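Please look through the model shown below before reading on, with the sequence at hand for the residue numbers. The text then takes up its strands, helices and aromatic rings in turn.

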Amino acid sequence: MSRRRFEIAPLSIYGTSTIGVYIFTNNAFTVVPMDVPDKVINSIRDTLGTTVVKASLAKSPLIGIFIVGNDNGVLVPSIVAEEEINELEKGGLRVSVIRTRYTAIANLILTNNKKTIVSPIIEKEFINLIRDTLGTEVIVDEICGTYLVGSIAVANDRGILLSPEAKDEDVKRVRDYFGLPVSVGTVNRGRSFLRSGLVVNNNGGLVGNDTTGFEIVRIMQVLGGE
C-alpha cells in the first residue's frame, strides 16, 4: 500500500502565524483550542489525517506549549486541571502528568515514535516517566547550544528539521541519534524557533501563513521525504 502524500497547509490562528503554540498533533489526534473555527479544523483534519480534539490546558488555548508527545502517549505539566486531562483521555489520548517545575514542557522535549531528546534542565527524576509515557529511548542533551530542544527543532518519523543556528556537529549528532535525514530550515519568513510556526506528523504539516514557498519546499524535503 502506498503511503499518503505529505501535505502542507498554511494556517493562522487568532490572526497569528505562530500556530505551533496553539496546536499539538500525533498521527492519530490533533488537539486545538476550544474556539478554533470549523474551517481551520477541516483543514487540519484533511492535512494531518487525524481526529481533531478541542481542549483547553491550564484554562489556556496554549495547547502547543503545554503538551508534548507521540503516538504512544503525551505529557502535560501539573498546572493542567484534572477535568482537562479527562477530556484529553476521553478524546483518545494517553496522558501522563509530569510534575516538573517547568510548565512550557513542549519547549524542552523533542520526540518522534522512536527517540526522544530531553532538555538537561528537566529534573532527572522525571526521565523514567518520560521514557515510559513516550515509549522511546531517551537522551538528555542540548541542541544548537540551547536547552530549548523542543523549540528549535521539529521531528516526525521521516526526518528532523533544525534551526539554522545548528552547527555541522549538531546536525551529525541528531542524525546519528534519530537515524533519519536532518537538515536546517526556517518558518514564517526566517523564524528559527521552528515549532512556533510548524506542526507535523507523518502525514503532513501545518505552517504559519507567513511561511514562504522556499521554506515549505525545505520542510517537505526533510519531513516529508519528498
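What follows is a walk through this predicted model, beginning with one strand and moving outward to its neighbours.

A convenient place to start is strand β6, which comprises residues 74-77 and is covered on both of its faces. Val74 and Val76 lie on one side of β6 while Leu75 and Pro77 lie on the other, and all of these residues are buried. On the sequence side that precedes it, strand β5, made of residues 68-69, pairs with β6 in the antiparallel sense through two bridges, and the connection between β5 and β6 is a hairpin of four residues. Within this pairing, Val68 has Leu75 of β6 as its bridge partner, and Leu75 is also among the residues buried in that strand.

The other partner to consider is strand β7, residues 95-98, which runs parallel to β6 and is joined to it by four bridges. Here Pro77 is found opposite Ile98 of β7. The path from β6 to β7 involves helix α3, residues 82-90, and the three elements together form a β-α-β unit that is right-handed.

Helix α4, which spans residues 127-134, brings several of these strands together again. Its buried residues are Ile127, Ile130, Thr133 and Leu134, and because they cover an arc of only 135° around the axis, they are placed on the same side of α4. The general geometry of an α-helix, with 3.6 residues a turn, is the reason that residues three or four places apart point the same way. The buried residues of α4 pack against β5, β6 and β7, and also against β8 (109-111), β9 (115-118) and β10 (137-140). After the helix comes Gly135, for which phi is positive, near 65°.

A second helix to inspect is α6, residues 213-223, in which Glu215, Ile216, Ile219, Met220, Val222 and Leu223 are buried. The cover over these buried residues includes β1 (7-11), β11 (153-155), β12 (160-162), β13 (182-184), β14 (198-200) and β15 (204-208). Just after α6, Gly225 adopts a positive phi of about 65°.

Among the strands that cover α6 are β1, β14 and β15, and these form an open sheet of three strands in the order β1-β15-β14, with mixed pairing. Because β1 and β14 stand at the edges and each has a single partner strand, one side of each is left without a neighbour in the sheet. From one strand to the next, the twist in this sheet averages 15°. The strands β1 and β15 run parallel and are joined by five bridges, and Ile8 stands opposite Gly205 of β15.

The aromatic rings come last, and the count of aromatic pairs is two. Tyr14 and Tyr22 make an edge-to-face pair, with 5.0 Å from centre to centre and 80° between the planes. Tyr14 counts as partly exposed because its relative accessibility is 43%, whereas Tyr22, at 13% relative accessibility, counts as buried. In the pair formed by Tyr177 and Phe178, the ring centres are 5.4 Å apart and the planes stand at 80°, so that this pair is edge-to-face. Tyr177 counts as buried at 12% relative accessibility, and Phe178 is likewise buried, with a relative accessible area of 8%.

How values were computed. Residues numbered from 1 in each chain as written. Predicted model: local features only at pLDDT ≥ 70, side-chain atom pairs only at ≥ 80, totals over all residues. Heavy atoms only, no water. Buried < 20%, exposed > 50% of the residue type's maximum accessible area, 1.4 Å probe, protein only. Pairing = 2+ DSSP bridges. Right-handed = clockwise from strand over helix to strand, strands pointing away. Arc of directions from axis to C-beta. Contact = heavy atoms within 4.5 Å. Axes fitted to C-alpha atoms, helices over the stretch in contact; angles between N-to-C directions. Phe/Tyr/Trp six-rings, centres within 6.5 Å; stacked < 30°, edge-to-face > 60°.
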